[in-house]
Amino acid sequence: MRSTLSWQAGRAGAALRRTSLRRRELRADDIAVRVDYCGVCHTDLHAVRTHTGDAPLVPGHEFTGVVTGLGREVTRFALGDQVAVGNIVDSCGECAMCQAGQENFCHEFPTLTYGGTDRHDGTSTLGAFSREYVVRDEFAYPLPAGLDPAAAAPLMCAGITVWEPLRALGVGPGARVAVAGLGGLGHLAVKLAVALGAETTVVSRSAGKAGDTRRLGGHDLIVSADQRQMAAARDRFDVVIDTIAVPHDVAPYLKLVALDGTLSLVGHLGAVTVQATDLLIGRKKLSSAGSGGRPATAAMLEFCAQHGITADIELLPSARVNEALDRLARNDVRYRFVLDLSDLPQNR
Ligand SMILES: [Zn+2]
Ligand SMILES: [Zn+2]
């Protein structure tokens, strides 16, 4: 086994502690990655806050780093290559979804980067708040040159999660897109929609995000608390990407959707209540999305390199992970924390 250092969760709410962990020896199709940067996602916060302590939990599922080891059959990478890894590290490879390049919807459930179960040895996967990760090479992606590796890390969860619905819903030049909620997911949705050529509007609780909306390339801001503004924007958008991370009424956002348009929920993935008439009037569609398949992930990285898109980040030494989680819980970040893992020795 390989030994490395990580930030590991205790029981619900307890601070993460620096702890050593073991990684598997490389299989024929594995690579070892020195984790340099890992984003901090709402999923991490939720996992830490609800952790029972029964099994070890190391969060972190959007990271970039450098290849430091190669399984004997790996040909896609060389030592020293910069790579990016997201929240899926394996899938069955055989079901209809995997065959369609939608490993994120694998019928046997994709193996998650942490909190998943390895398909070969049955062990629990441990995430990338850690100095080393061992991953099947097919689920690592070359990090395109020119993308800052720290600011690119959030592309691998937040970025792909908004990229797939934008593409699947046909967003391109002239499309009218609204992004509800301007956080980790939302700010990347705005950048990507703008780069795809869409006329892009932010829907936010307050007018305080007007400056950021413009800076991100957005064309307009609608204040969701302002009934007049919301009413004036009725039926205006082909696609509404709802990135709000907490339970909320989706009816006001359905009202913004144009005839035959779609509301895609990507922030809060719990139960929603919908009046069928809110869909009926305007033949509106309600959809959702999360993560992405391998082809879409590779395409997203390529697109981001072409358009110079990365996340707006606040970079912290990994030793400040608990501060990052606390501030994320208060939405006190513009717009994504990324941990710099160089304060952990790689091997010990
Ligand atoms: Zn995530
Ligand atoms: Zn599958």
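This note walks through a predicted model, from the whole chain down to one helix and one serine.

1. **Overall size.** The protein chain has 348 residues and a radius of gyration of 20 Å. A compact globule with that number of residues would have a radius near 20 Å, so the chain agrees with a compact globule. Along the principal axes, its C-alpha atoms fill a box of roughly 60 × 40 × 40 Å.

2. **Make-up and packing.** Count eleven helices and 17 strands in the protein chain. Buried residues make up 47% of the 348. Now take the contacts with a separation of 6 or more. Residues 24 or more positions apart account for 65% of them.

3. **The annotated span.** UniProt, in an unreviewed entry, places the feature "domain: Enoyl reductase (ER)" at residues 13-339. In the model, this span is 26% helix and 26% strand. The C-alpha atoms at its two ends lie 19 Å apart.

4. **Helix 10: length.** Helix 10 covers residues 294-307, which is 14 residues. From first C-alpha to last, helix 10 reaches 20 Å. That is close to the 20 Å expected at 1.5 Å a residue. After helix 10 comes glycine 308, with a positive phi near 65°.

5. **Helix 10: two sides.** Which residues of helix 10 are buried? They are Thr297, Met300, Leu301 and Cys304. These four cover an arc of only 95° around the axis, so they sit on the same side of helix 10. Turn to the other side of helix 10, and Pro295, Gln306 and His307 are exposed.

6. **Helix 10: its cover.** What covers the buried residues of helix 10? The cover includes two strands, strand 5 (82-85) and strand 9 (140-142). Helix 4 (158-168) is also part of the cover.

7. **Serine 264: place and burial.** Find serine 264 in strand 14, which spans residues 257-265. Is serine 264 buried or exposed? Serine 264 has 23 other C-beta atoms within 10 Å. The cut-off for a buried residue is 20 or more, so serine 264 counts as buried.

8. **Serine 264: neighbours.** Leave out residues up to four places away in sequence. Serine 264 then touches Pro165, Leu169, Val239, Ile241 and Asp242. Serine 264 also touches Ser287, Ser288 and Ala289. Asparagine 322 makes a useful distance check: it is 58 residues from serine 264 in sequence. In space, the two are 31 Å apart, C-alpha to C-alpha.

Key: Residues are numbered from 1 along each chain as its sequence is written. Chains are lettered from A and ligands numbered from 1 in the order in which they are written. This is a predicted model: local features need pLDDT of at least 70, side-chain atom pairs count only at pLDDT 80 or more; totals for chains, interfaces and linings use all residues. The expected span of a helix is 1.5 Å times one less than its number of residues. A residue is buried if 20 or more other C-beta atoms lie within 10 Å of its own, exposed if 12 or fewer, and partly exposed in between; C-beta atoms are placed from the backbone. The arc is that of the directions from the helix axis to the C-beta atoms. Two residues are in contact if their C-beta atoms, placed from the backbone, lie within 7 Å. UniProt positions are given in the numbering used here, feature names are shortened, and annotations may be inferred rather than shown by experiment. The radius of gyration is taken over C-alpha atoms; the globule rule is 2.2 Å times the number of residues to the power 0.38.
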